[in-house]
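Reader: I would like to learn how to read a protein model feature by feature. Where should I begin?

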Amino acid sequence: PAFAGQEAVWQRVYLNLGLNQSEIDKYFTGPAFLAWNRMGNLRRWAGPLPPAWHFKQLYLQYRIVERMRSLGMTTVLPAFAGHVPQGILRVFPRVNATRLGHWSHFDCTYSCIYLLDPEDRMFQVIGTLFLKELIKEFGTDHVYSADTFNEMTPLSSDPAYLSRVSNAVFRSMTGADPEALWLMQGWLFQHQPDFWQPAQVRALLHGVPLGRMIVLDLFAESKPVYQWTESFYGQPFIWCMLHNFGGNHGLFGTVEAINHGPFAARRFPNSTMVGTGLVPEGIEQNDMVYELMNELGWRQEPLDLPSWVTRYAERRYGAPNAAAASAWHLLLRSVYNCTGVCVNHNRSPLVRRPSLHMDTELWYNTSDVYEAWRLLLSAGAELGSSP
């Protein structure tokens, strides 16, 4: 995804449509919260965005897009998901827009964002206007991202309504780029399974021609969605490992699930899987898990994990070492082998919110970790100079 600088383009579009600056300032969140603003969860919180921010983000986006393309990567640009600032209702009083509910622990001061009705003419006007402006600025590789109902309950569970919404989003993309392909997060389906029953999932996915949407099965290592949706009812999907919620630094992994999951997904009846992906909420932790996941994309079948981790230790430290290899075997079978549904696994008091009621239950044998620690220290004499 190349998402930087989009607020600058949105601001340009909104000002051209007749909104004033204060209406725009009441909509954008501060920089740290823009992900939730872009998905229609949150507005205004920690805002507004200063003009210098927009300018620098545009500059950054130019550099990001240029570097991505020079490396042969496909850029994914943002598109319109249907959420609008309240100011749209002042400028276009006859527009049909309804407020979504509140998100997380925020009340309507900071959430309850307006969603345009998919049949409203302005849905296509705004969506296509934005995308044309964005493409004029950055060019395009024809893949776009939009999430209308991320952790938000739709206004109706009627399948016909849900199809109309996804169809409207897709048409606002093709209005600017006839070759548009929609990349959508599949998180909503596993986050609110009570709402997203098979009929609702099918309706949302089938509002877009088959093959013109790619769904990210976001938490496939623990809660895969493809299994209960007949492989996303024919839409292509990417098997993703989420692994890390909120940038937690504790030792953690689900190596067995990761090692077998993508291959099971490929063998699934009428599988539409088209790739593997990483979608962590924080990086620079548990390197081994990411090394493993990235390697699986090139494999035909699951790895022999014990022999793989021996080679991993050698690659990591630059030389074979019996103590280091033994340490990694112990880590592989303990902290890195959480089985079952492993959510909210962060048990390290170093990085948790202070509390007198911490859940200290662990999924592994702590003596394995102590012994691995001792072995790595003993390998220090030989490997200590390795970066």
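Author: Begin with one residue and its helix: Leu-377 lies in helix 15, which covers residues 366-383. Keep in mind throughout that this is a predicted model.

Reader: Is Leu-377 buried or exposed?

Author: The general idea is a cut-off on relative accessible area: over 50% is called exposed, and under 20% is called buried. Leu-377 has a relative accessible area of 61%, so Leu-377 counts as exposed.

Reader: Which residues make a nonpolar surface patch with Leu-377?

Author: Tyr-370 and Trp-373 join Leu-377 in a nonpolar surface patch of about 420 Å².

Reader: Which salt bridge does Arg-374 form?

Author: Arg-374 forms a salt bridge with Glu-371, and the closest N and O atoms are 2.8 Å apart. The two residues are 3 residues apart in helix 15, so about one helical turn separates Arg-374 from Glu-371. Arg-374 is partly exposed, with 46% relative accessibility, and Glu-371 is also partly exposed, at 30%.

Reader: How many salt bridges does the structure hold?

Author: The structure holds 12 salt bridges. One of them joins the side chains of Glu-133 and Arg-12, at 2.9 Å from N to O. That pair links distant parts of the chain: Glu-133 sits in helix 6 and Arg-12 in helix 1 (residues 6-17), with the two positions 121 residues apart.

Reader: How exposed are Glu-133 and Arg-12?

Author: Glu-133 has a relative accessible area of 15% and is therefore buried. Arg-12, at 27% relative accessibility, is partly exposed. Both residues belong to a network of salt bridges that links Arg-12, Glu-133, Lys-136 and Glu-137.

Reader: What can be said of the salt bridge between Arg-299 and Glu-295?

Author: The side chains of Arg-299 and Glu-295 meet at 2.7 Å, N to O. Glu-295 is buried, with a relative accessible area of 19%, whereas Arg-299 is partly exposed at 36%.

Reader: Now the sheets. How do strands of a sheet pair?

Author: Strands pair through backbone hydrogen bonds, in either a parallel or an antiparallel sense. Here, an open sheet of 6 strands has parallel pairing and the order 1-5-6-7-8-9. Strand 1 (76-78) and strand 9 (273-278) are the edge strands, each pairing on one side only. From one strand to the next, the twist averages 30°.

Reader: How many bridges join strand 7 to strand 8?

Author: Strand 7 (residues 213-217) and strand 8 (residues 237-241) run parallel and are joined by 3 bridges. Take Val-215 as an example: Phe-237 in strand 8 is its bridge partner.

Reader: Where does helix 6 lie?

Author: Helix 6 (residues 121-138) lies across strand 1 and strand 5 (143-145), and runs at about 135° to strand 1. Helix 6 is also the helix that holds Glu-133 of the salt bridge with Arg-12.

Reader: What is the order of the strands in the antiparallel sheet?

Author: That open sheet has 3 strands in the order 2-4-3, with antiparallel pairing. Its edge strands are strand 2 (83-84) and strand 3 (97-99), and each pairs on one side only. Strand 2 and strand 4 (residues 114-116) pair over 2 bridges in the antiparallel sense. To find the pairing on screen, look for His-83, which stands opposite Leu-115 in strand 4.

Note on methods. Residues numbered from 1 in each chain as written. Predicted model: local features only at pLDDT ≥ 70, side-chain atom pairs only at ≥ 80, totals over all residues. Heavy atoms only, no water. Pairing = 2+ DSSP bridges. Helix = DSSP H or I, 4+ residues; strand = E, 2+ residues; numbered from the N terminus. Axes fitted to C-alpha atoms, helices over the stretch in contact; angles between N-to-C directions. Contact = heavy atoms within 4.5 Å. Patch = residues over 30% accessible without salt bridge, like charges linked within 9 Å, V, L, I, M, F, W, Y side chains within 5 Å. Areas by Shrake-Rupley, 256 points an atom, 1.4 Å probe, with all protein chains shown as cover. Salt bridge = Lys/Arg side-chain N within 4 Å of Asp/Glu carboxyl O. Buried < 20%, exposed > 50% of the residue type's maximum accessible area, 1.4 Å probe, protein only.
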